[in-house]
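The following report describes how some of the helices in this structure are arranged, and then turns to one loop residue. Please read it alongside the sequence and the coordinates.

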Amino acid sequence: MREMFHDIFSDKNSGFRTKYAIELVADSLKKISPEISDENAEKESVKALENAGLKTKKSKNGKNVTDALFFISSVQAEKLAELIANGENDKKAYVEALQSSPSIDIAL
């Protein structure tokens with residue numbers, strides 16, 4: 001079943017269970033806005049995830065991470081990055097970005 005999943009659905013539908021959702025959003029942001037520095041991409045990604053209601057913290061290795069493991073799809077990370085790139089300030093938009101397009105492989 002798990003092997004067939006990748007034949008039927010695109011990788012954009014797959015998700016990641018991670019504390020490093022900030023990196024996924026920052027990477028998506030850098031694809032949309034290549035001129036943004038790594039530091040600013042990370043800083044803006046932290047704000048975006050916090051606007052969406054997630055808690056973040058510094059890990060022991062100094063990286064910004066979510067407070068708990070979070071399941072995020074590539075599409076959700078891209079939507080958050082688009083909001084950042086467009087200068088969106090409405091927290092509801094960030095919540096909606098996470099609520100829409102969830103990963104479909106969560107049950108696998």
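## Helix H3 and its neighbours

In this predicted model, the buried residues of helix H3 pack against helix H2 (21–32), strand S2 (56–58), strand S3 (64–66), helix H4 (74–85) and helix H5 (91–99). The residues of H3 that are buried are Ala41, Ser45, Val46, Ala48 and Leu49. They lie on the same side of H3, because the arc that they cover around the axis is only 165°.

The length of H3 can be checked against its residue count. The helix has 14 residues (residues 38–51), which at 1.5 Å a residue should span 20 Å, and the separation of 20 Å between its end C-alpha atoms agrees with that expectation. Just after H3, Gly53 adopts a positive phi of about 105°.

## Two helix pairs

Packed helices are described by the angle between their axes and the distance between the axes. The table sets out these values for two pairs that involve H2.

| Helix pair | Angle between axes | Distance between axes | Handedness of crossing |
|---|---|---|---|
| H2 and H3 | roughly 120° | within 8 Å | right-handed |
| H2 and H4 | about 55° | 8 Å | right-handed |

For the pair of H2 and H3, whose axes cross at roughly 120°, the two helices are therefore oblique to each other, since this angle falls outside the 65 to 115 degrees that count as roughly perpendicular and is not over 145. On the H2 side, the contact is made by Ala21, Ile22, Val25, Ala26, Leu29 and Lys30, and on the H3 side by Asp38, Ala41, Glu42, Glu44, Ser45, Val46 and Leu49.

For the pair of H2 and H4, the packing angle is about 55°, which makes H2 oblique to H4. Here the contact is made by Leu24, Val25, Ser28, Leu29 and Ile32 of H2, together with Ala77, Glu78, Leu80, Ala81, Glu82, Ile84 and Ala85 of H4. Val25 and Leu29 of H2 thus appear in the contact with H3 and also in the contact with H4.

## Lys63 in its loop

Lys63 is found in the loop between S2 and S3, where its relative accessible area of 37% makes it partly exposed. Leaving aside residues up to four places away in sequence, Lys63 touches Tyr20, Glu23, Lys57 and Lys58. Of these contacts, Tyr20 is 43 residues apart from Lys63 along the chain, and the C-alpha atoms of the two residues are separated by 8.7 Å.

How values were computed
Residues are numbered from 1 along each chain as its sequence is written. This is a predicted model: local features need pLDDT of at least 70, side-chain atom pairs count only at pLDDT 80 or more; totals for chains, interfaces and linings use all residues. Side-chain values use heavy atoms; hydrogens and water are left out. Helices (H or I, at least four residues) and strands (E, at least two) are DSSP runs, numbered from the N terminus. The expected span of a helix is 1.5 Å times one less than its number of residues. Buried means under 20% relative accessible area, exposed over 50%, partly exposed in between (1.4 Å probe, protein chains only). The arc is that of the directions from the helix axis to the C-beta atoms. Contact means heavy atoms within 4.5 Å. Axes are lines fitted to C-alpha atoms, for helices over the stretch in contact, and angles run from 0 to 180 degrees between N-to-C directions. Angles under 35 degrees count as roughly parallel, over 145 as roughly antiparallel, 65 to 115 as roughly perpendicular and the rest as oblique. A crossing is left-handed if the near helix is turned anticlockwise from the far one by less than a right angle, and right-handed if clockwise.
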